[in-house]
Amino acid sequence: GAQLADLQVQMTQAQESSQQTSRQVNSIAATAYMTGQVSTEMSLVFARSPRQFIDGAYDLQSLSSNTNHVLAQVKTKQADLALLAAQVATTKTKQADVVRQATALRDQLQIKVAQEQKLLNLLPLMSDQSETSSVL
C-alpha cells in the first residue's frame with residue numbers, strides 16, 4: 001500500500017510538472033510562432049488530444065493551401081510586373097528614338113532656315129546689281 005501511495009504521489013507530481021512544462025513550452029512556442037521563429041508544424045507537437053492534433057493538422061493544411069494560393073498570386077503579379085517593365089523599357093526606347101529623330105529634323109530645318117535667310121539677304125544685293133547693269 002505505501003509503495004502504491006508513493007507511486008501515486010510521484011505520478012501526480014510528474015503530471016503536474018508535465019503540465020507546468022507543457023504550459024511553459026506552449027507559451028514559448030506561441031511567442032516563437034507569433035514572431036515567426038518556429039514553424040507551424042511545431043504546433044502539432046503540442047497537441048494534448050487527438051482532436052487537437054486533427055484540428056491543428058486541418059488548420060495547417062488550410063494555412064498551407066492559403067499560402068500556396070497567395071504565393072501563386074504573387075508569382076502571377078511578379079510575371080505581370082516583369083511584362084510591364086519590359087513594355088516600359090520598350091516604350092522608353094521608342095520615345096528616345098522619336099526624340100533623336102525630332103532633334104535631327106529640327107537641326108535640318110535650322111540649317112535650311114539659315115540657308116534661306118542667306119538667300120534672302122542676297123536678294124537686295126542681286127537686285128542692286130541687276131539695276132546697275134541695266135543702267136549701263
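**Surface and salt bridges of an all-helical predicted chain**

The accessible surface of the chain comes to about 11,700 Å², and 61% of that area belongs to carbon and sulfur atoms. The model is predicted.

Biologist: How many helices and strands are there in the chain?

Modeller: Read along the sequence, the chain follows the pattern α-α-α. The count is therefore one of helices alone under the DSSP assignment. The chain has three helices and zero strands.

Biologist: In which helix is confidence highest, and in which is it lowest?

Modeller: The chain averages a pLDDT of 80, and 79% of the residues score at least 70. Confidence is highest in helix 3, with a mean of 85. The lowest mean, 65, falls in helix 2 (residues 42-45).

Biologist: What percentage of the residues of the chain count as buried?

Modeller: A residue is buried when its relative accessible area is under 20%. Of the 136 residues of the chain, the share that counts as buried is 4%.

Biologist: Which residues make the nonpolar surface patch of about 600 Å²?

Modeller: One of its members, Leu122, lies in helix 3 (residues 50-135). Leu122 has 42% relative accessibility and so counts as partly exposed; a patch residue needs over 30%. The patch is made by Leu119, Leu120, Leu122, Leu123, Leu125 and Met126.

Biologist: Which residue forms a salt bridge with Asp107?

Modeller: The structure holds two salt bridges. Asp107 itself is partly exposed, because its relative accessibility is 33%. In its salt bridge the closest N and O atoms are 3.0 Å apart, and the partner is Arg106.

Biologist: Is Arg106 buried, partly exposed or exposed?

Modeller: The partly exposed class lies between the limits of 20% and 50%. Arg106 has 44% relative accessibility, so this residue counts as partly exposed.

Biologist: What is the N to O distance in the salt bridge of Arg100 and Asp97?

Modeller: Both residues belong to helix 3, and because they are three residues apart, about one helical turn separates them. Their side chains meet in a salt bridge, with an N to O distance of 2.2 Å.

Biologist: Which class of accessibility does Arg100 have, buried or exposed?

Modeller: Asp97, its salt-bridge partner, has 31% relative accessibility and therefore counts as partly exposed. For the exposed class, the relative accessible area must be over 50%. Arg100 has 51%, so this residue is exposed.

Terms used
Residues are numbered from 1 along each chain as its sequence is written. Side-chain values use heavy atoms; hydrogens and water are left out. Patches are made of residues with over 30% relative accessible area and no salt bridge: like charges are joined within 9 Å, nonpolar side chains (Val, Leu, Ile, Met, Phe, Trp, Tyr) within 5 Å. Accessible areas come from the Shrake-Rupley method with a 1.4 Å probe; for residues, only the protein chains shown count as cover. A salt bridge is a side-chain nitrogen of Lys or Arg within 4 Å of a carboxyl oxygen of Asp or Glu. Helices (H or I, at least four residues) and strands (E, at least two) are DSSP runs, numbered from the N terminus. Buried means under 20% relative accessible area, exposed over 50%, partly exposed in between (1.4 Å probe, protein chains only). pLDDT is the predictor's confidence in each residue, from 0 to 100.
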